[in-house]
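Biologist: I'd like to learn how to read strands in a model. Can you walk me through it?

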Amino acid sequence: MSNRIRADLVAVMSLLAFVLTGILSPAEALVGFSNSVVIMVAGLFIVGAGILRTGLAQMASNFVLRSAGDNENRLFVILLLIVALIGTFMSNTGTVAIMLPIVVSIAVSIKSTPSKFLIPLSYVASFSGLLTLIASPANLIVSETLAENGYKKLSFFEITPVGLVGVITGMVYLYFVRNKLLPEGKSRGNADDEHQLSPEKLAADYQLGGSLFRVRVPEDSEMVDKKLTELKTPENYQLYILKIVRRSAEGLNLLPMTYHEMAGPKSVIQPRDILYVQGKLENVERMVEDFDLMFEEEESEADELVSKQLGIAEVLLTPHSKLINQTAKSIGFREKYNLNILGINRQGQYVLSEPSKQKLRFGDALLVQGSWASIELLARETNDVVVVGQPQEHASAAAASGKAPIAAGIILLMVILMAFEIFPTVISVLIGAVLMILTGCLRNMDDAYSQVNFETIVLVAAMLPIATALEKTGGIMILSEGIIKTLGGLGSLGVFAGIYLLAMTFGQFISNTATAVLFAPIAMNAALTIDANPYTFLIGVAVASNMAFATPVASPTNAMVMTAGGYKVSDFVKIGVPLMAIVFVIMLFAIPFFFPL
């Protein structure tokens with residue numbers, strides 16, 4: 001809670017303490033890293049990245065914004081209702097993974113901070129775990145405990161009335177406290193997007209639209225089957241051919257697809273190619289006439305330099321760069337780095353006419369164009385320039401462009417697999433994650449790995465074995481027996497309240513699954529001992545297990561939003577503890593009302 005040491009490091013240190021004191025063996029301590037919950041969280045980060053990369057998050061956020069209008073209060077309620085609806089049929093972790101990029105996108109669109117929305121997202125997702133039997137592992141655990149002791153399992157919607165009470169309570173509380181308790185200002189966990197230079201912004205800054213043209217190569221043109229080095233367009237026309245677009249079979253696609261190739265000296269012109277030419281209009285007209293080419297109907301827009309294969313980026317010369325006082329042509333910049341220089345920003349003045357012949361100076365910014373791989377290689381492997389912005393992010397977004405319907409189909413498939421329990425939940429999530437990569441919603445495996453928040457993964461994996469340590473040392477049994485002895489005189493409601501409070505307290509430090517596993521047998525034994533209704537006690541355990549609000553380690557969803565929202569541990573305490581107290585009081589009446597003691 002002091003926040004002096006990162007939460008994941010604290011979790012690992014705790015894990016080591018259990019081993020060094022002999023409470024856990026190394027195998028028991030490390031078992032969390034193979035736990036299905038941890039694998040599922042990693043997979044859900046990849047699924048969430050696919051939603052964001054393809055633009056599906058933006059499309060969904062636009063739909064929600066149209067529904068809510070300009071009213072932020074209405075927007076807040078609609079978002080939480082959507083979260084509750086989705087959470088009815090899938091795990092709270094899956095719900096948050098799907099909604100997190102959408103909510104962040106909405107917050108940015110309305111110029112608000114994601115921190116105003118992400119803790120409510122996590123909390124309502126936890127409440128939604130009480131709406132159906134399959135919505136939370138804790139529900140399934142208590143249902144199985146009932147069956148093991150000769151009672152009828154819970155039906156699909158049996159717990160729903162209690163869940164509705166929880167969802168309504170949570171939404172009302174969050175609606176009134178969100179502007180008072182949630183952190184103000186920009187999200188402390190996210191970089192300011194305004195400083196990230198997108199390809200579109202760069203193209204606009206360098207005013208490329210006026211010097212970029214598209215021409216088509218007819219089948220009878222003299223250019224056909226010639227290499228660019230033979231055409232000598234820079235020498236003869238003061239023009240640079242930057243990109244060639246042609247029809248080609250790509251990957252597993254059965255239909256011809258458009259292929260974008262960076263133009264180089266060895267590029268061979270083929271019939272029906274579209275050439276992207278940089279230079280003055282009169283020079284382009286002269287080349288078109290000499291080679292019987294055809295102008296496309298409209299001049300090329302600058303953002304067409306960005307595609308799945310090719311992109312643009314800005315680079316700055318370092319103080320000791322070997323490029324200073326040299327021309328790009330003299331050092332063979334194009335041949336060495338496989339990149340074209342489109343323009344130079346020299347103290348706010350843009351040089352677009354034959355930039356490769358300009359002698360470079362310290363402080364110059366160069367706008368380069370080429371394959372995304374070449375841009376990323378330049379960012380990693382040279383000390384002469386510094387690539388500005390995040391070319392990997394822009395490359396991934398370009399690769400996934402237009403694939404929002406595919407991402408939506410994958411999400412729908414994953415939800416169906418979860419809802420009908422065709423496979424275990426973790427397998428359904430992994431299927432979704434793999435499909436995101438295979439279908440190109442994520443560019444490659446490196447892109448997928450980069451989207452996994454390993455702080456969250458280590459945090460959850462290192463905390464899971466705490467349940468084993470508590471069980472081995474007998475701490476849980478000592479506390480439960482103490483509750484019966486202490487509160488037994490208050491009757492069944494007193495014992496019920498004690499078990500609920502104990503389960504809720506431990507649920508702040510171990511997963512809801514582990515909490516339910518530990519407390520379901522205790523609740524069953526306590527109910528049978530005092531001749532109370534086991535259903536009341538076990539549903540109390542299910543509810544208490546899902547009330548994981550006071551710490552970021554209480555639930556994987558809290559850990560997921562902690563980084564994205566830039567929260568501190570104190571934020572969860574400040575918002576979660578009052579909510580837990582309110583829900584506890586309400587549930588003392590609601591659960592016995594629907595399931596009499």
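Modeller: Sure! Let's start with pairing: two strands count as paired if DSSP finds at least two bridges between them. Keep in mind that this is a predicted model.

Biologist: Okay, so how many bridges join β7 to strand β9?

Modeller: Six bridges join β7 to β9, which covers residues 365-371, and the two strands run antiparallel. For one spot to look at, find Asn345: it stands opposite Ala365 in β9.

Biologist: And how many bridges link β7 to strand β8?

Modeller: Three bridges connect β7 with β8 (residues 349-351), and this pair is antiparallel too. Try Ile344 here, whose bridge partner in β8 is Val351.

Biologist: What do β7 and β8 form, and how many residues lie between them?

Modeller: They form a hairpin with two residues between the strands. Have a look at Gln347 in the turn, which has a positive phi of about 55°.

Biologist: Which way do side chains point along a strand?

Modeller: In a regular strand they alternate between the two faces of the sheet.

Biologist: Then is β7 buried or exposed?

Modeller: A residue is called buried when its relative accessible area is under 20%. Eight of the eight residues of β7, residues 339-346, are buried, so the strand is largely enclosed by the rest of the structure.

Biologist: What about the whole chain: what share of its residues is buried?

Modeller: Of its 597 residues, 54% count as buried. The chain has 27 helices and ten strands, and it exposes about 26500 Å², with carbon and sulfur atoms supplying 60% of that area.

Definitions and conventions: Residues are numbered from 1 along each chain as its sequence is written. This is a predicted model: local features need pLDDT of at least 70, side-chain atom pairs count only at pLDDT 80 or more; totals for chains, interfaces and linings use all residues. Side-chain values use heavy atoms; hydrogens and water are left out. Helices (H or I, at least four residues) and strands (E, at least two) are DSSP runs, numbered from the N terminus. Buried means under 20% relative accessible area, exposed over 50%, partly exposed in between (1.4 Å probe, protein chains only). Accessible areas come from the Shrake-Rupley method with a 1.4 Å probe; for residues, only the protein chains shown count as cover.
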